[in-house]
Amino acid sequence: MAVGLSLAALTATAAACGSATANDDAAGGGTEAPAASALDGKGEVSIDFWHAMSGKNGEALQQLTDQFNAKNKGRVKVNLQFKNTYDDTLSAYKAALNSGQAPDVVQVYDIGTRFMIDSKSTVPVQSFVDVDKTDTSDIQPNIAGYYSVDGKLYSMPFNTSMPLLYINKTAFTKAGLDPANPPKTLDEITEAARKLTVKDAGGRVTQYGFGAALYGWFLEQWTAAGNQEYCDQGNGRDGRGTTVKLATDDHVKLLTWWKKMVDEGLAPKLDSNTTTADNAFTAGTVAMTLESTGSVGGFLTSTQGKFEIATGNYPKINATDAGGPIIGGASLWVVGKGKDDAHKRAAWEFVKFLSDKDVQATWHTSTGYFPISKGALETEVDKQWVAQRPQFQTAITQLQNTPLSKATQGCLLGAMPQARKAAEQAMQAAVLSGTDPRTALQQQEQAMAGPIKEYNQSVAG
């Protein structure tokens, strides 16, 4: 799921839409949230929702939208429009802002947050919350935290994920390891991998102890787990970030460890393609991997009848690391630019509906995404779902035990899609090509200076 948005497109659209800083007014450039009466006497208001949910996730979203439309018949009608990938959805949105054909609600992935704020094209969720005096205490604080700046919630979290350590429970038991006590650190992964790695009579590895994609999202997770910030300016939350912190001692330690795992024959050479790594795990080729909570269902289905799966917290680089992982996924933004009050209010009513605890319980159990609602986890349908998939309980506990800080909120950077790609290039250079880890990280950190500066200048007001 690596991203590669064009910086030129990113900065051009940001410049065209204006600028915003972390301390800008929550109204998002003068777009205030209208009162509920904005729908009075308007008949049925039709709104467009652009999203990137495909397959079973798209089907679940369609069912929830049909439910909303039936409930609001004659008042609001939502038209779903699938825009392919997260990248494609955001690219389409940028083009639509320039053409005046923007949707009323748009789903944007986590690392598009800084751009969405800077575009000044939306009505921040906080504005609706304040007007309606909505109680937001049911939203998981660590999930709301990512999409909040200065205590203001800019978008509504929707499909949320977080990373886990997945283990082949059957292989663990066979190797004399306790699957109920999975590795918690890099050193413990190495120790377990030595017992899990299996070779045939000819010396060929048939099962590696560990294997995961060299995915940039994982590097961000290790940074937060160490309670460190990924970019400056308080992770881009005290002001606009100017530097991404790739060449840290912990990142060097991580890539040195990963290269040693490959050299020792405990891990295969995998690139940044998460699908390749996922398939290696479900095929039994690797006994431990890293993936998001959204993979629980797919992994269980793919390995049914072959081996059992257990989960553990996302491992830490150092045993003393006091942070925790960052949420991923996407959120929903109410578009304000070019919209009248009726459309803004209709969009908010739909977004608010999707955040309801019962709706979130349905969404969670239909897709595997983490519910943004604390109350959703207490519904009977959700309790039964988790009981049948105890692997997911790890994610619940992990989220609840992660302290909320600027480090665990995640980095907000205008050029964050490029920064993630840069991290992947450094990871591959060090692990696959033998480049000195610090050198690889420094090269990519320096390479990001230009794109970050270019983006920031494009939105400077």
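This short talk walks through a few helices, strands and single residues of one predicted model.

Let me begin with a pair of helices. Helix 11, which covers residues 249-263, packs against helix 19, residues 416-432, and their axes are 8 Å apart and meet at an angle of about 45°. If you are new to this kind of description, two packed helices are described by the angle between their axes and by the distance between those axes. How are helix 11 and helix 19 set to each other? An angle under 35 degrees would count as roughly parallel and one of 65 to 115 as roughly perpendicular, and helix 11 and helix 19 are therefore oblique to each other. Their crossing is right-handed. On the side of helix 11 the contact is made by L255, W258, K259 and V262, and on the side of helix 19 by A426, M427, A430 and V431. When you sort these residues by class, you find 7 nonpolar and 1 charged, with no polar residue in the contact of helix 11 with helix 19. It may help, when you look at such a list, to remember that an α-helix has 3.6 residues a turn, so residues three or four places apart point the same way.

Let us move on to the strands. There is an open sheet of 3 strands, whose order is 10-7-11 and whose pairing is antiparallel. Its edge strands are strand 10, at 288-292, and strand 11, at 309-312, each of which pairs on one side only. On average, and with direction ignored, neighbouring strands of this sheet are turned by 35° against each other. As a reminder, strands of a sheet pair through backbone hydrogen bonds, either parallel or antiparallel. Strand 7, residues 163-168, runs antiparallel to strand 11 and is joined to it by 4 bridges, and in strand 11 the residue I309 is the bridge partner of N168.

Which helix lies across strand 7 and strand 10? That is helix 9, residues 216-225, which runs at about 90° to strand 10. Because 10 of the 10 residues of helix 9 are buried, this helix is largely enclosed by the rest of the structure. Among the buried residues of helix 9 are W217, F218 and W222, and also E220 and Q221. Just after helix 9, you can find N227, which takes a positive phi of about 60°.

Another covered element is strand 6, residues 156-161, in which 6 of 6 residues are buried. Strand 6 runs antiparallel to strand 12, residues 328-334, and 5 bridges join the two. In this pairing, T160 stands opposite G329 of strand 12.

I would like to finish with two single residues. The first one to consider is E349, which lies in helix 14, residues 341-354. Is E349 buried or exposed? The cut-off for buried is under 20% relative accessible area, and E349, at 13% relative accessibility, therefore counts as buried. Setting aside residues up to four places away in sequence, E349 touches L39, F68 and R75.

The other residue is Q81, whose place is in strand 2, residues 76-82. With a relative accessibility of 26%, Q81 counts as partly exposed. Apart from its neighbours within four places in sequence, Q81 is in contact with D48, F49, W50 and H51. The C-alpha atoms of Q81 and V106 are separated by 9.7 Å, and these two residues are 25 residues apart along the chain.

Technical notes
Residues are numbered from 1 along each chain as its sequence is written. This is a predicted model: local features need pLDDT of at least 70, side-chain atom pairs count only at pLDDT 80 or more; totals for chains, interfaces and linings use all residues. Side-chain values use heavy atoms; hydrogens and water are left out. Axes are lines fitted to C-alpha atoms, for helices over the stretch in contact, and angles run from 0 to 180 degrees between N-to-C directions. Angles under 35 degrees count as roughly parallel, over 145 as roughly antiparallel, 65 to 115 as roughly perpendicular and the rest as oblique. A crossing is left-handed if the near helix is turned anticlockwise from the far one by less than a right angle, and right-handed if clockwise. Contact means heavy atoms within 4.5 Å. Ala, Val, Leu, Ile, Met, Phe, Trp, Tyr, Cys and Pro count as nonpolar, Asp, Glu, Lys and Arg as charged, and the others, Gly among them, as polar. Two strands pair if DSSP finds at least two bridges between them. Buried means under 20% relative accessible area, exposed over 50%, partly exposed in between (1.4 Å probe, protein chains only).
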